[in-house]
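Grab a pencil and work through these short exercises with the structure open beside you. Try each task before you read its solution.

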Amino acid sequence: MRKNIVAGNWKMNTTLPEGLQLAKEVNDALKGVDAKCDVIICVPFTHLASINGVIDKNRLGLGAENCADHVSGAYTGEVSAPMVASTGATYVILGHSERRQYYGETSETLKEKVKLALANGLTPIFCIGEVLEEREAGKHFEVVKTQIEDALFDLSAEDFSKLILAYEPVWAIGTGKTATDDQAQEIHAYIRSVIEGKYGKEVAENTSILYGGSCKPSNAKALFAKPDVDGGLIGGAALKADSFMGIVEAF
Ligand code: PGA
């Protein structure tokens with residue numbers, strides 16, 4: 001059975017002391033609740049090793065927000081999948097729309113990143129989603145299908161089964177505009193059908209598909225109640241322990 005998951009994406013926020021504090025707060029808050037989902041925080045590279053030392057990994061998963069498309073070598077400023085794994089992190093967000101939009105990530109580079117993440121024991125949280133013009137032109141189904149096919153359909157069924165997907169409509173990220181729960185359900189069901197078309201029903205049914213884009217405690221419950229929405233990838237609301245926990249407790 002697929003898992004319910006709430007994952008925080010801290011983006012480029014918090015200094016190391018602030019990040020350690022926030023991670024400790026989330027970790028402590030989780031002690032007091034019977035979470036009905038897996039909980040993960042994805043944090044800046046600089047924070048990974050330190051945060052790994054202060055959280056209970058049975059309760060709280062740790063991930064990076066990106067990794068390089070090469071394994072090692074002369075790539076100044078890049079951080080590889082083996083480096084991320086060596087910190088104790090076990091997840092990595094790949095293909096976030098901000099990476100695609102501001103850093104020119106393409107399906108070709110993402111393909112390599114996914115392979116390297118998997119080869120190093122990291123679980124990719126792979127993001128897909130359309131921009132506003134594509135949604136308005138009715139092209140959102142086609143856009144997410146192409147994003148999945150181009151970056152992921154080289155994988156074996158076994159490897160594909162290790163992924164977590166996150167549908168994040170770009171128009172809903174950080175804008176306060178959430179997709180309605182019906183809009184999320186419609187496209188999540190479609191994404192699952194695309195997976196089924198390639199890998200079969202069992203793999204499709206077992207893939208966790210998270211929703212991301214202005215998810216907050218007030219709308220998480222309705223979103224997570226939809227049968228094909230298996231949790232959330234949370235940006236802004238993950239930067240305060242209480243709002244993040246409010247989303248965790250929506251399950
Ligand atoms: P948001 O970001 O929750 O701030 O909209 C979500 C994301 O980009 O992962």
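## Exercise 1: The largest pocket

Helix α4 (residues 97–102) contributes three residues to the lining of the largest pocket, the most of any contributor. Keep in mind that you're working with a predicted model.

**Task.** Describe the lining of the largest pocket: how many residues line it, and which lie nearest its centre?

**Solution.**
- Step 1: Count the lining. You should get 14 residues.
- Step 2: Look towards the centre. K11, M12, E65, R99 and Y103 lie nearest to it.
- Step 3: Sort the lining by class. You'll find seven nonpolar, three polar and four charged residues.
- Step 4: Add the volume, which is about 400 Å³ for the largest pocket.

## Exercise 2: Around the ligand

**Task.** Which of the 13 residues around the ligand come nearest, and how does the shell divide by class?

**Solution.**
- Step 1: Pick out the nearest ones: K11, H96, E168, G174 and S214.
- Step 2: Sort the shell. Four residues are nonpolar, seven are polar and two are charged.

## Exercise 3: Polar contacts and burial

**Task.** Find polar contacts to oxygen atoms of the ligand, using a cut-off of 3.5 Å between N or O atoms. Then say what percentage of the ligand's exposed area the protein buries.

**Solution.**
- Step 1: Start with H96, which has a polar side-chain atom 2.7 Å from a ligand oxygen.
- Step 2: Try G235. Here a polar backbone atom sits 2.9 Å from an oxygen of the ligand.
- Step 3: Check N9, where a polar side-chain atom is 3.3 Å from a ligand oxygen.
- Step 4: Turn to area. The ligand exposes 280 Å² when taken alone, and the protein buries 95% of that.

Note on methods
Residues are numbered from 1 along each chain as its sequence is written. This is a predicted model: local features need pLDDT of at least 70, side-chain atom pairs count only at pLDDT 80 or more; totals for chains, interfaces and linings use all residues. Side-chain values use heavy atoms; hydrogens and water are left out. A residue is near a molecule or strand if one of its heavy atoms lies within 4 Å of it. A polar contact is a pair of N or O atoms within 3.5 Å; within protein, one must be able to donate a hydrogen and the other to accept it, and residues adjacent in sequence count only if both atoms are side-chain atoms. Accessible areas come from the Shrake-Rupley method with a 1.4 Å probe; for residues, only the protein chains shown count as cover. Ala, Val, Leu, Ile, Met, Phe, Trp, Tyr, Cys and Pro count as nonpolar, Asp, Glu, Lys and Arg as charged, and the others, Gly among them, as polar. On a 1 Å grid over the protein atoms alone, a cavity is a set of points where a 1.4 Å probe fits but cannot get out, and a pocket is an open set with protein on both sides within 12 Å along at least five of seven lines; lining residues have an atom within 4 Å of a point. Grid points are joined across faces, edges and corners, and a volume is the space filled by probe spheres set on the points. Helices (H or I, at least four residues) and strands (E, at least two) are DSSP runs, numbered from the N terminus.
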